[in-house]
Amino acid sequence: MKSKLPNSGTTIFSTMSALAQQHGAINLSQGFPDFDMPASLVSGTSAAMASGKNQYAPMPGLLSLRAALAEKLEQSYHHYYDPETEITITSGATQAIYTTIAALVHAGDEVIVLEPCYDSYIPSIQMAGGIAITVRMEAPEYPIPWDEVQSKIGSRTRMIIVNSPHNPTGSVLRDSDLAILSELVSKHGIFILSDEVYEHLIFDKRQHESICRYKQLYNNAIAVFSFGKTFHCTGWKLGYVVAAAAIMKEIRKVHQFMVFSSFAPAQYGLVDLLADEKYFQGLANFFEAKRNYFLRLMESSNFIPLPCHGSYFQLLSYPRVSNLRDREFCEALTLQYGVATIPVSAFYSDGFDQRIIRVCFAKQDATLAAAATKLRAVVKI
Ligand code: PMP
């Protein structure tokens with residue numbers, strides 16, 4: 001059959017999770033927590049189901065939830081998005097990304113993608129008939145090579161995708177990055193799709209540079225978020241997208257025919273939690289403590305941690321341990337030592353391999369301790 005996505009196979013996340021299960025390994029590969037979500041979100045959602053809130057939500061999402069999000073965004077980023085016209089609830093950030101690209105990218109349009117990147121970006125562009133123009137970021141700091149970005153922007157460029165805090169590297173954008181981005185956008189009139197699913201998971205006293213903060217970007221910016229990351233419920237696949245009304249109008253045209261609306265009971269459950277500012281403030285400390293705990297445990301290991309200022313991922317390089325390519329190394333680590341991780345080359349379309357692996361530290365301390373004990377035992381592979 002003539003495939004529309006000839007280069008897409010089973011994702012590395014499914015492959016590594018299956019391998020972890022098959023070999024009884026500790027799974028630090030896929031990005032999901034192994035601890036509980038807030039009990040009040042479970043009870044609020046259960047109560048909504050018990051009281052019959054089980055029919056279609058409005059197409060753009062429950063209005064009370066969108067209104068609560070408008071308030072939260074204004075408090076965090078000092079910009080008011082109109083819940084009626086500028087916020088849409090989606091079935092996860094992945095759907096928000098796909099829908100936005102489908103709505104805005106025309107056949108033949110170019111989209112700048114900074115690699116390594118979350119694996120849905122490029123297939124979403126290709127499904128829209130667009131062309132992904134990749135720009136490579138490299139270890140250890142993974143800065144955006146802005147000169148190269150600039151050199152790749154031309155008359156066919158429609159959009160640039162940015163992600164901060166970043167999966168898989170844990171790097172975060174600075175205000176200096178946003179200044180350059182703003183200049184490029186105003187000069188070339190392109191869209192910015194900003195993937196901010198880890199907005200609250202930011203460490204070392206850094207500030208999350210949401211594009212929502214930058215008024216001059218308002219007419220070109222689309223930001224996507226994930227309830228799954230913020231409330232430890234990745235399996236719920238709920239998120240949202242925010243943009244100026246004229247952009248959102250186009251996004252909703254696609255959204256209504258892709259999913260129409262997203263799981264209703266959880267939208268009722270989420271409303272009350274959004275007012276809890278303390279919860280959001282606590283998230284950064286909670287995950288920073290996990291990163292620090294894992295790093296402390298790994299101090300006496302043969303792995304070298306790379307800088308991580310956000311997200312729930314820590315990168316490790318392994319020059320003292322092995323010459324294997326990262327995919328083979330991850331397989332060997334799972335089979336021989338019982339810890340599943342992700343090879344960073346999987347996040348580059350050309351498989352660029354700096355022999356670095358990604359560990360998800362959104363795990364109970366006991367899980368991290370058990371995994372670190374196994375990783376400390378690794379001498380040569
Ligand atoms: N963007 C990034 C950078 C991610 O890491 C993820 C989840 N792994 C998503 C988007 C998707 O979020 P969701 O589960 O809400 O679709």
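**Salt bridges, cysteines and a ligand**

Biologist: Why are Glu250 and Lys253 separated by about one helical turn?
Modeller: They are 3 residues apart in helix α9, which covers residues 245-258, so about one helical turn lies between them. A helix here is a DSSP run of H or I, at least four residues; a strand is a run of E, at least two, and both are numbered from the N terminus.

Biologist: Where do these numbers come from?
Modeller: This is a predicted model, in which local features need pLDDT of at least 70 and side-chain atom pairs count only at pLDDT 80 or more, while totals for chains, interfaces and linings use all residues. Residues are numbered from 1 along each chain as its sequence is written, and side-chain values use heavy atoms, leaving out hydrogens and water.

Biologist: OK, back to that pair. What do the side chains of Glu250 and Lys253 form?
Modeller: A salt bridge, with N and O 2.9 Å apart. The term means a side-chain nitrogen of Lys or Arg within 4 Å of a carboxyl oxygen of Asp or Glu. Side chains of opposite charge can pair when their charged atoms come close.

Biologist: How much of Glu250 is accessible? And Lys253?
Modeller: Glu250 has a relative accessible area of 29%, and Lys253 has 41%. Each is therefore partly exposed, the class between buried (under 20%) and exposed (over 50%), with a 1.4 Å probe and protein chains only.

Biologist: How many salt bridges does the whole structure have?
Modeller: The search finds 10. One of them joins the side chains of Arg136 and Asp350, 2.8 Å from N to O. Arg136 sits in strand β4 (residues 131-136), whereas Asp350 is in the loop between β12 (342-343) and β13 (356-360). They are 214 residues apart, so this pair links distant parts of the chain. Arg136 is partly exposed, at 32% relative accessible area.

Biologist: Which residue does Arg291 pair with?
Modeller: Glu288, with the closest N and O atoms 3.6 Å apart. Both lie in helix α11 (residues 277-298), 3 residues apart, about one turn of the helix.

Biologist: Are Arg291 and Glu288 buried or exposed?
Modeller: Both are buried. Together with Asp204 they are linked in a network of salt bridges.

Biologist: New topic. How many disulfides are there?
Modeller: The search finds 0, where a disulfide is a pair of cysteine sulfur atoms within 2.5 Å.

Biologist: Why does Cys233 have no bond to Cys360?
Modeller: Because the sulfur of Cys360, the closest cysteine sulfur to that of Cys233, is 15 Å away, too far for a bond. Cys233 counts as buried, at 5% relative accessibility.

Biologist: And which cysteine sulfur is closest to that of Cys360?
Modeller: The one in Cys308, at 11 Å, also too far for a bond. Cys360 is buried, with a relative accessible area of 0%.

Biologist: Last thing, the ligand. Which residues are around it?
Modeller: Among them are Gly92, Ala93, Thr94, Tyr118, Asn167, Asp195 and Lys229; a residue counts if one of its heavy atoms lies within 4 Å. Helix α4 (residues 92-104) gives the most to this shell, with 3 residues.

Biologist: What do Ala93, Asn167 and Lys229 touch?
Modeller: A polar backbone atom of Ala93 is 2.8 Å from a ligand oxygen, and a polar side-chain atom of Asn167 is also 2.8 Å from an oxygen of the ligand. Lys229 has a polar side-chain atom 3.0 Å from a ligand nitrogen. These are polar contacts, pairs of N or O atoms within 3.5 Å.

Biologist: How much of the ligand does the protein bury?
Modeller: Taken alone the ligand exposes 400 Å², and the protein buries 93% of that, by the Shrake-Rupley method with a 1.4 Å probe.

Conventions. A polar contact is a pair of N or O atoms within 3.5 Å; within protein, one must be able to donate a hydrogen and the other to accept it, and residues adjacent in sequence count only if both atoms are side-chain atoms.
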